[in-house]
Amino acid sequence: MPQRRRDEDTAVTAEYAFFLAETRGLRFALDYLDNCRIPRDILLRAIEQPERRRRTERRRYPRND
């Protein structure tokens, strides 16, 4: 499962970069992604298309657990 772990790390890094873009600016967040060796397009897509951000993780209807 090394690929899954890598994907989870990338997701956490991308979320933090999005936070940095909101608080410190886009340039700072892009530099952070470059230092982490994560593609910049992850952040740029999230900023350009906010309605698609984390689309698959949100449920349309809440669980009835």
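**A three-helix chain and its nonpolar core**

Let's start in the middle of things: the largest nonpolar core has 10 residues in all, namely A17, F18, L20, A21, A29, L30, L33, I38, L43 and A46. Helices α1, α2 and α3 (41–48) are the elements that give two or more residues to this core. The largest share comes from α1, with 4 residues. Keep in mind as you look around that this is a predicted model.

With the core in view, step back to the whole chain. It holds 3 helices and 0 strands, so the order of elements from the N terminus is simply α-α-α, by the DSSP assignment used here. Of the 65 residues in the chain, 20% are buried. The accessible surface comes to about 5,800 Å², and carbon and sulfur atoms account for 48% of that surface. As for how the chain meets itself, take the contacts between residues at least 6 apart in sequence: 36% of these join residues at least 24 apart.

Now turn to helix α2, which spans residues 26–36. Which of its residues are buried? They are A29, L30 and L33. These residues lie on the same side of α2, because the arc they cover around the axis is only 100 degrees. A29, L30 and L33 are also listed among the members of the nonpolar core. On the face of α2 turned away from the buried side you will find the exposed residues R27 and N35. Follow the chain just past α2 and you come to R37, which takes a positive phi of about 60 degrees.

Helix α1, covering residues 2–23, is a good place to go next, and T13 is one of its residues. Is T13 buried or exposed? Its relative accessible area is 14%, and because the cut-off for buried is under 20%, T13 counts as buried. What does T13 touch, once its neighbours within four places in sequence are left aside? Its contacts are Y32, L33, C36 and I38. One of these partners, L33, is a buried residue of α2, and both L33 and I38 belong to the nonpolar core.

T10 also has its place in α1. With a relative accessibility of 15%, T10 is buried. Beyond its neighbours within four places in sequence, T10 is in contact with I38 and I42. I38 therefore deserves a second look, because atoms within 4.5 Å count as a contact and I38 meets that criterion with T10; I38 is a contact of T13 as well, and a member of the core where this walk began.

Methods: Residues are numbered from 1 along each chain as its sequence is written. This is a predicted model: local features need pLDDT of at least 70, side-chain atom pairs count only at pLDDT 80 or more; totals for chains, interfaces and linings use all residues. Side-chain values use heavy atoms; hydrogens and water are left out. Buried means under 20% relative accessible area, exposed over 50%, partly exposed in between (1.4 Å probe, protein chains only). Accessible areas come from the Shrake-Rupley method with a 1.4 Å probe; for residues, only the protein chains shown count as cover. The arc is that of the directions from the helix axis to the C-beta atoms. A nonpolar core is a set of buried Ala, Val, Leu, Ile, Met, Phe, Trp, Tyr and Cys residues joined through side-chain atoms within 4.5 Å.
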